[in-house]
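Please find my comments on this model below. They are set out as numbered points for checking against the coordinates.

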Amino acid sequence: MAKRGEPWSDNDEAKLKQPIIDQFERQSHPYYATARLWDDGIIEPAQTREVLAMAISASMNNDIQDTQFGVFRM
């Protein structure tokens, strides 16, 4: 708008930014990601040791094989 010479007030800027802020706050909630299966779920803090022990135990049930790929980055 400044390039076109149109006035740009603080209120106009707030109106533009507010929907983006609202969407960010809604989608940054952990339940939002879990509902879309973007992760493996949410565990209760009191169950952290139990879940970690189960994961380590499960990972030790098979031999580690050589891989042909590099580091995966997400």
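The points run from the basis of the model, through the whole chain, to single residues.

1. Basis. This is a predicted model, in which local features need pLDDT of at least 70 and side-chain atom pairs count only at pLDDT 80 or more, while totals for chains, interfaces and linings use all residues. Residues are numbered from 1 along each chain as its sequence is written, and side-chain values use heavy atoms, with hydrogens and water left out.

2. Secondary structure. The protein chain has three helices and zero strands, in the order α-α-α along the sequence. Helices (H or I, at least four residues) and strands (E, at least two) are DSSP runs, numbered from the N terminus.

3. Overall dimensions. The radius of gyration of the protein chain is 23 Å, against a value near 11 Å for a compact globule of 74 residues. The radius is taken over C-alpha atoms, and the globule rule is 2.2 Å times the number of residues to the power 0.38. The C-alpha trace spans about 65 × 35 × 15 Å along its principal axes.

4. Burial and surface. Of the 74 residues, 3% are buried (under 20% relative accessible area; exposed is over 50%, partly exposed in between; 1.4 Å probe, protein chains only). The protein chain exposes about 7600 Å², with 56% of that supplied by carbon and sulfur atoms (Shrake-Rupley method, 1.4 Å probe).

5. Charge. There are 8 positive and 12 negative side chains, and the centres of the two sets lie 9 Å apart. Lys and Arg count as positive and Asp and Glu as negative, without His or the chain ends; the charge is placed at NZ of Lys, CZ of Arg, CG of Asp or CD of Glu.

6. Helix 1. The 18 residues of helix 1 (residues 10-27) should span 26 Å at 1.5 Å a residue, and the end C-alpha atoms are indeed 26 Å apart; the expected span is 1.5 Å times one less than the number of residues. Even so, a kink of about 30° lies at Lys17, shortly before Pro19 (the angle between axes fitted to the seven residues ending there and the seven starting there). Asn11, also in helix 1, is partly exposed at 48% relative accessibility. Its C-alpha atom is separated by 51 Å from that of Glu50, 39 residues away along the chain.

7. Leu37. What is the sign of phi at Leu37? Leu37 has a positive phi of about 60°, although it is not a glycine. Most residues other than glycine have a negative phi. Leu37 lies in the loop between helix 2 (30-35) and helix 3 and is exposed at 72% relative accessibility.

8. Arg49. Arg49 belongs to helix 3 (residues 48-59) and is exposed, with a relative accessible area of 76%. Arg49 and Asp39, 10 residues apart in sequence, are 19 Å apart, C-alpha to C-alpha.
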